[in-house]
Amino acid sequence: MASASTDRPAGTSSGPGRILVAVYAIFAVAACSRSAVQIATEFDHARLAYLLSAFAAVVYVVATVALTRPGVHWHRVAVAACTTELAGVLAVGTASVLDSSAFPDQAVWSTYGGGYLFIPVVLPVLGLAWLRRTAPRPDGTTTADAPPAPTA
Amino acid sequence: MIDGLAAASIICALLVGAACLLQTWRDRPVGVGLLAGTGATELVLLAQVVGAVVEISRGQRADQPAVFVLYLIGSVAALPAGVWWSLGERTRWGSAVLSVACVAVAIIVVRLGQVWEGTGG
């Protein structure tokens with residue numbers, strides 16, 4: 001874990017990023033356990049919804065890990081995970097609204113994450129905004145190191 | 001599942017969570033007061049686990065036993081994990097992280113009650 005993080009340039013898991021990592025970690029644990037139970041006990045009840053929940057769980061785990069790791073490589077992985085998450089929650093959300101019979105049980109991303117206070121649709125937007133702000137530059141600093149732009 | 005303990009843990013978690021948000025707003029890191037509050041909340045949650053184990057051993061069953069046990073584990077794991085992650089950065093954001101953990105605990109305990117009663121997903 002990041003010790004003496006105050007001396008380092010702002011990474012994706014420091015400052016407000018720590019909240020982001022915490023919320024992603026909660027969703028990773030919640031989605032993993034939920035989909036594991038669903039697939040183990042009642043898979044035939046709603047196969048599509050449960051497989052999508054499992055996919056969402058994997059995306060949350062990847063995003064959580066990538067957000068806590070420094071470097072250009074992990075930054076790209078984090079952007080890819082958040083983008084996949086945003087596309088997934090929009091696609092699954094729309095599909096579940098149009099054809100609710102395909103989703104007899106709640107998946108993490110059905111109705112745009114409505115069963116989870118709509119956090120699943122807000123989280124990737126905040127994640128991508130934060131990743132954009134902390135994007136590594138060629139000179140080793142991040143955009144977050146620059147003085148904040150004056151708000152008009 | 002003991003209703004009194006559930007209510008107590010939700011109230012404790014929300015109070016500590018509110019105190020964490022206050023510290024975030026005041027630009028303060030997590031201090032001894034917040035850690036004590038978190039510890040007290042954790043004790044209530046542990047008492048709930050003991051209560052639930054006693055009731056299950058007496059033959060009571062949750063509607064979805066596996067889900068109930070997972071929520072029970074989550075209810076006592078969330079605060080230690082939150083404290084660990086918040087102490088990694090002794091700034092206002094550490095306090096904010098602890099508030100997230102507290103809200104998560106409150107939600108977990110509500111879900112715990114729903115699974116025990118067999119209401120809700």
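1. Salt bridges: in this predicted model, the structure as a whole holds two salt bridges, counted over all chains. They are taken one by one in the points that follow.

2. The pair in chain A: D44(A) and R47(A) form a salt bridge in which the closest N and O atoms are 2.7 Å apart. With regard to the surroundings of the two side chains, D44(A) counts as exposed, its relative accessibility being 60%, while R47(A) counts as partly exposed at 48%.

3. The pair in chain B: here the side chains of R92(B) and D27(B) meet in a salt bridge, with an N to O distance of 3.7 Å. This pair links distant parts of the chain, since R92(B) lies in helix α4 (residues 92-117) of chain B and D27(B) in the loop between α1 (3-25) and α2 (32-57), the two being 65 residues apart. R92(B) is partly exposed, with 27% relative accessible area.

4. Disulfides: a search of the whole structure, covering all chains, finds zero disulfides. C12(B), for instance, is in no disulfide, and the cysteine sulfur nearest to it, that of C102(B), is 9.9 Å away, whereas the cut-off for a disulfide requires the two sulfur atoms to be within 2.5 Å.

5. Cysteine exposure: which relative accessible areas do C32(A) and C12(B) have? C32(A) is partly exposed, with a value of 33%, and C12(B) is also partly exposed, with a value of 25%; both values fall in the range between under 20%, which would be buried, and over 50%, which would be exposed.

Definitions and conventions. Residues are numbered from 1 along each chain as its sequence is written. Chains are lettered from A and ligands numbered from 1 in the order in which they are written. This is a predicted model: local features need pLDDT of at least 70, side-chain atom pairs count only at pLDDT 80 or more; totals for chains, interfaces and linings use all residues. Side-chain values use heavy atoms; hydrogens and water are left out. Buried means under 20% relative accessible area, exposed over 50%, partly exposed in between (1.4 Å probe, protein chains only). A salt bridge is a side-chain nitrogen of Lys or Arg within 4 Å of a carboxyl oxygen of Asp or Glu. Helices (H or I, at least four residues) and strands (E, at least two) are DSSP runs, numbered from the N terminus.
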